[in-house]
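Here is a friendly tour of one structure, written for someone who likes to think about folds, pockets and packing. Have the viewer open and follow along.

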Amino acid sequence: MDHSGHGMTMDLPPFTLGRGLEWSADPFFLVACLVGLGLYGWGVVRLVRRGDKWPVGRTVAFVIGVLTIALMMCTRLNDYGMVMFSVHMVQHMVISMVSPILVLLGAPITLALRALPTAGRGRKGPRELLLMFLRSRYMRIVTHPAFTIPLFIASLYGLYFTPLFDTLMGSKPGHIAMMVHFFAVGLVFFWPIMGVDPGPHRPGYLMRMLELFAGMPFHAFFGIALMMASEPMVETFKNPPASLGIDALSDQNAAGGIAWAFSEIPSVLVLVALLFQWYASDQRQARRTDRAADRDGDKELEAYNAYLASLNTQGR
């Protein structure tokens with residue numbers, strides 16, 4: 001089925017979940033998902049073969065994250081998303097807020113740094129180039145909240161409320177670029193907040209929560225704006241095919257409700273992940289402190305006791 005144009009020539013039957021989940025692969029995303037899974041699998045196998053361990057939970061999170069992308073882009077949800085605002089909004093929300101969170105919990109960069117061989121002294125291989133990229137000024141900029149939060153907001157208001165959205169939806173490359181953009185924005189927004197991988201910007205846990213809640217309300221406001229509109233606001237979805245049997249304004253209201261709901265769901269998921277990471281970090285710090293105390297015979301406590309004893313002696 002042709003994904004080019006606004007999709008108004010598509011003779012799609014009325015939407016049902018069963019029809020939406022039928023196979024209809026976008027070649028670009030199918031190949032990208034298979035390559036992503038293949039590279040991740042190669043990294044895990046390489047670690048296991050040399051006797052290292054890799055958490056199963058990370059692998060499961062990454063695989064599910066990639067599969068959510070495939071679910072959105074390699075089924076007829078992608079076809080319906082060209083002509084139904086509500087289905088498109090499901091694609092947008094999943095690819096920008098659910099898929100990135102799961103992929104980041106899979107720690108693909110950490111896996112790559114552990115699996116890729118070192119190039120040797122004076123040489124630069126894939127591992128060294130990846131480290132250079134992670135430490136670059138570019139990465140410090142694109143992962144800073146002063147950049148990620150405005151980008152997160154602009155991906156909603158600056159896209160849907162300007163002609164840019166219609167332009168991108170008017171061609172297959174434009175549509176692919178838009179979906180890649182949604183995923184990339186989700187990655188750079190959530191990576192400093194709850195990503196397991198090392199990054200150039202990694203604030204404390206309280207600041208991460210503030211960053212999360214700074215961006216999420218704008219999703220809710222965007223959804224409310226769509227739900228309260230008295231006429232269709234996006235040209236692409238103003239005239240849905242008659243075969244769908246839907247009203248453009250009602251479908252837009254549904255899209256607004258989806259955007260509003262998704263502002264809450266990922267917030268809860270990320271908050272739970274953050275609290276778990278915070279607890280695990282405190283536990284690791286406590287264990288390190290205990291080991292240090294065992295090694296030095298708890299010198300700090302001994303010194304404190306000696307100080308108290310000296311005070312007691314002076315008071316006599």
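## Overall fold

Among the contacts in the protein with a separation of 6 or more, 77% join residues 24 or more positions apart. Do keep in mind as you read that this is a predicted model. Its secondary structure comes to 15 helices and 0 strands.

Of the 316 residues, 43% count as buried. The protein exposes about 16,400 Å², and carbon and sulfur atoms supply 66% of that area.

## The largest pocket

If you are looking for open space, start with the largest pocket, which has a volume of about 960 Å³. Its lining is made up of 35 residues, and those nearest the centre are Phe62, Val103, Pro108, Phe183 and Leu187. Two or more lining residues come from each of helix H2 (27-49), helix H3 (56-73), helix H5 (85-105), helix H6 (108-115), helix H7 (126-134), helix H8 (137-142) and helix H11 (172-194).

Which helix gives the largest share of this lining? That is H2, with 10 residues. Sorted by class, the lining of the largest pocket has 32 nonpolar residues, 2 polar ones and 1 charged one.

## The enclosed cavity

Now for closed space: a search of the whole structure finds 1 cavity of 30 Å³ or more. About 50 Å³ of space lies in the largest cavity. Around that space you will find His92, Ser96, Phe152, Ser155, Leu156, Phe182, Val185 and His219.

At least two of the lining residues are supplied by each of H5, helix H9 (145-160) and H11. The largest share, 3 residues, belongs to H9. By class, the lining of the largest cavity splits into 4 nonpolar and 4 polar residues, with no charged ones. H5 and H11 also appear among the helices that give two or more residues to the lining of the largest pocket.

## Helix H6 and the loop before it

H6 deserves a look of its own. Its buried residues are Ile109, Thr110, Leu111, Leu113 and Ala115. What covers them includes H2, H3, H7 and H11. Those four helices are also among the elements that give two or more residues to the lining of the largest pocket, as is H6 itself.

The loop between H5 and H6 holds Ala107. What is unusual about the backbone at Ala107, given that it is not a glycine? Ala107 has a positive phi of about 50°. For context, most residues other than glycine have a negative phi. Ala107 is also buried, with a relative accessible area of 0%.

## Two cysteines without a bond

How many disulfides does the structure hold? The count is 0. Cys33 is in no disulfide, and the nearest cysteine sulfur, that of Cys74, is 5.5 Å away.

Why do Cys74 and Cys33 not form a bond? The sulfur of Cys74 is too far from the closest cysteine sulfur, in Cys33, because the two are 5.5 Å apart, whereas a disulfide calls for sulfur atoms within 2.5 Å. Are these cysteines buried or exposed? Cys33 counts as buried at 8% relative accessibility, and Cys74 is buried too, with a relative accessible area of 0%.

Conventions: Residues are numbered from 1 along each chain as its sequence is written. This is a predicted model: local features need pLDDT of at least 70, side-chain atom pairs count only at pLDDT 80 or more; totals for chains, interfaces and linings use all residues. Side-chain values use heavy atoms; hydrogens and water are left out. On a 1 Å grid over the protein atoms alone, a cavity is a set of points where a 1.4 Å probe fits but cannot get out, and a pocket is an open set with protein on both sides within 12 Å along at least five of seven lines; lining residues have an atom within 4 Å of a point. Grid points are joined across faces, edges and corners, and a volume is the space filled by probe spheres set on the points. Ala, Val, Leu, Ile, Met, Phe, Trp, Tyr, Cys and Pro count as nonpolar, Asp, Glu, Lys and Arg as charged, and the others, Gly among them, as polar. Buried means under 20% relative accessible area, exposed over 50%, partly exposed in between (1.4 Å probe, protein chains only). Contact means heavy atoms within 4.5 Å. Accessible areas come from the Shrake-Rupley method with a 1.4 Å probe; for residues, only the protein chains shown count as cover.
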